[in-house]
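Please look through the structure below with an eye to its aromatic rings, its nonpolar cores and one of its sheets. The paragraphs after it take these topics in turn.

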Amino acid sequence: MAESTGSIPESMPDWEKRFRAPRVGLPDWAEDAPDRSLFVSNATGTYELYAWDRTTGVQRQATDRPNGTTGGVLSPDGEWIWWFSDTDGDEFGIWRRQPFSGWDSRRPEGEEDEPATPLAPSYPAGLALGRDGTAIVGRSTDEDGSTLHVVEPDGASREIYRHRESAGVGDLSYDGALIAIEHTEHGDAMHSAIRVVRRDGTTVAELDDTKGGAVELGLSVMGFAPVAGDSRLLVGHQRRGRWEPVIWDPLTGEETALAIELPGDVGVDWYPDGSALLVEHGYQARSELWRYDLGSGELTAVETPAGTISGATARPDGTVEYLWSSAAHPPQVRSTSGRIVLEPPAEGAAGAVVAQSGAGRADAASWLRAPESVPVTDAWVEGPGGRVHALVQRPEGEGPFPTVFDIHGGPTWHDSDAFAAGPAAWVDHGFAVVRVNYRGSTGYGREWTDALKHRIGLIELEDIAAVREWAVASGLADPRRLVLAGGSWGGYLTLLGLGTQPEAWAVGLAAVPVADYVTAYHDEMEALKALDRTLFGGTPEEVPERFEASSPLTYVDQVRAPVYISAGVNDPRCPIRQIENYVTRLERRGAPHEVYRYDAGHGSLVVEERIKQLRLEIEFAQRHLSRLS
């Protein structure tokens, strides 16, 4: 087991405390046993799953693995915890399960949880558990593409879906008769269609917005109605240029529009009795909650603090629990009842009772809470494709400051006014931090997200360049001390930016990046191959000029800034071989660089590993920037 976060000394720097401070995710609760919950915490120093019995207040650590566990689901009756078991972060594995209350004499000491299905290892592609013990399991492999399987309570399984393109389990209806599948059989991995099938795989209905229009539109499964005898399905659509919901009944074909006229993206979930919807509204990097009454059409605000809601759920008693934070304030699981829902557990061995909730527990843990940071301010900058939104954090003192452009991954993601230990650490070390929601980011409408096709990487860097020019002109950023940094897609943009904008950046910090796009394509997991074919308009053999234009390896000889690269040796998303190809080219020309390889996948769930990686990045940047003074 990793070192416990409970040993944090008072003298530790604030930036390390923010990583080590125990925290919890939003608890998921069993649909038919709402007092049984499952949540994620880093209380032992590694992110693991915990069972929580709300009737007794007792929490129990359910998993304990060297590289952590975050993928878990409760059965509707609350009797079983299903969790995904991969190898050292490679995302390839099987579902296992254990009783909610833990094993008794049925499992010998030291043995692993039992396999939950007879299916062979794969990448996960969704899971839905039925009330009769049936499971709908989505799988993805390089050999078979996407397959979906019905696994009966006795372990018998049958395949009900297969396609080379990406697909996954959307949801299972309350009575278990209908299965919603998100698929991309049309070949555009960024825009899904929805098919509803019965448990024998026969099609009931299809909803497809990708056909018949000037642009392709995506759909997403938001969930079947949570009440017996109700076949309605909540569906997210982009018909008006943003994400918003519609209710679709696949048995009748009827669609019911919802009068939720809010700017920005709108996501919804059911209240437990099916009479109302919990609305999660995201706009300009903040979010808020609303209640939409299906009978009257009334939209009522759910009071939450300003900042970001990273998940919310309506409880049977009508209250709403949500995970909230802002850039300045660490995350908390709150309730509209006015209380803090959940405090982090104390350390303990997996399977043991590790904590009991209550005021005493909260008081005892208070000194372990993450220190606050500085708030973000908004910058809107005119770019070549429209106004670009950036979030800015400033250290104390007068600028211009050394500045880190911390570029988010995805690319279909966005930075928000939410607590993040990484940017806060840079601010503590005297850096300004700028985070750019470039074209390709979500939250600013369909056209903004879809804009990067075919010139991927280069389009995002145009937006980053526009914000960089603003940051320098405004007096925020010192033009001689600009750091380009990011992880995953942000790491890819870092390496591409260092090569295509070599005079702009003093240092580059790339975590788990795409570095050699052709090799990355051939080595990565199948679902990402499909996404890349969508982004580029084909494979490296079909559109070689596009892959060449967007690959950091093409420009490696133009890189002038010192480069720091960290890579997980088991990463299925940005595999290690393509990174080694890039590093070899740096080595050949004697370019200043450092590489840190660690035994995990696409990032780490181990707190000390995260701290180590950020410490190495900060030291690398400080060392090379000091030579410019």
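**Aromatic pairs, cores and a sheet**

With ring centres within 6.5 Å taken as a pair, the count comes to 17 aromatic pairs. The model is a predicted one.

One of these pairs is formed by Y517 and F547: the ring centres are 5.8 Å apart and the planes stand at 90°. An angle over 60 degrees counts as edge-to-face, so this is the class of the pair Y517 and F547. Y517 belongs to helix α7 (residues 517-523), whereas F547 belongs to helix α9 (residues 544-550), so the pair ties together parts that are 30 residues apart in sequence. Y517 and F547 are both buried.

F547 also pairs with F536. Here the centres lie 3.8 Å apart and the planes meet at 15°, so the pair is stacked, the class for planes under 30 degrees apart. F536 is in helix α8 (residues 526-536) and F547 in helix α9, eleven residues apart, and the pair links distant parts of the chain. F536 is buried, as is F547. Both pairs can be placed in a wider group, since W489, Y492, Y517, Y521, F536 and F547 are linked into a cluster by ring pairs.

Aromatic rings also meet charged side chains. The charged end of R315 sits over the ring of W29, 5.2 Å from the ring centre. R334 lies over the face of W324, and here the distance to the ring centre is 4.5 Å.

Next come the nonpolar cores. The largest has 62 residues, and F405, V436, I464 and Y582 are the members that touch the most others. Which residues does F405 contact, leaving aside its neighbours within four places in sequence? They are V434, V436, I464, V467, R468, A471, L482, V483, L484, A485 and W505. A second core, separate from the largest, has 39 residues, among them A62, I81, W83 and V427.

The last topic is a sheet. Strands of a sheet pair through backbone hydrogen bonds, in either a parallel or an antiparallel sense. The sheet described here is open, has four strands in the order β21-β22-β23-β24, and its pairing is antiparallel. β21 (265-270) and β24 (299-302) stand at the edges with a single partner strand each, so one side of each has no neighbour in the sheet. On average, neighbouring strands of this sheet are turned by 30° against each other, direction ignored. At one edge, β24 pairs with strand β23 (residues 286-293) in the antiparallel sense over four bridges. R291 stands opposite T300 in β24.

Technical notes:
Residues numbered from 1 in each chain as written. Predicted model: local features only at pLDDT ≥ 70, side-chain atom pairs only at ≥ 80, totals over all residues. Heavy atoms only, no water. Phe/Tyr/Trp six-rings, centres within 6.5 Å; stacked < 30°, edge-to-face > 60°. Helix = DSSP H or I, 4+ residues; strand = E, 2+ residues; numbered from the N terminus. Buried < 20%, exposed > 50% of the residue type's maximum accessible area, 1.4 Å probe, protein only. Lys NZ or Arg CZ within 6 Å of the ring centre and 35° of its normal. Core = buried A, V, L, I, M, F, W, Y, C linked by side-chain atoms within 4.5 Å. Contact = heavy atoms within 4.5 Å. Pairing = 2+ DSSP bridges. Axes fitted to C-alpha atoms, helices over the stretch in contact; angles between N-to-C directions.
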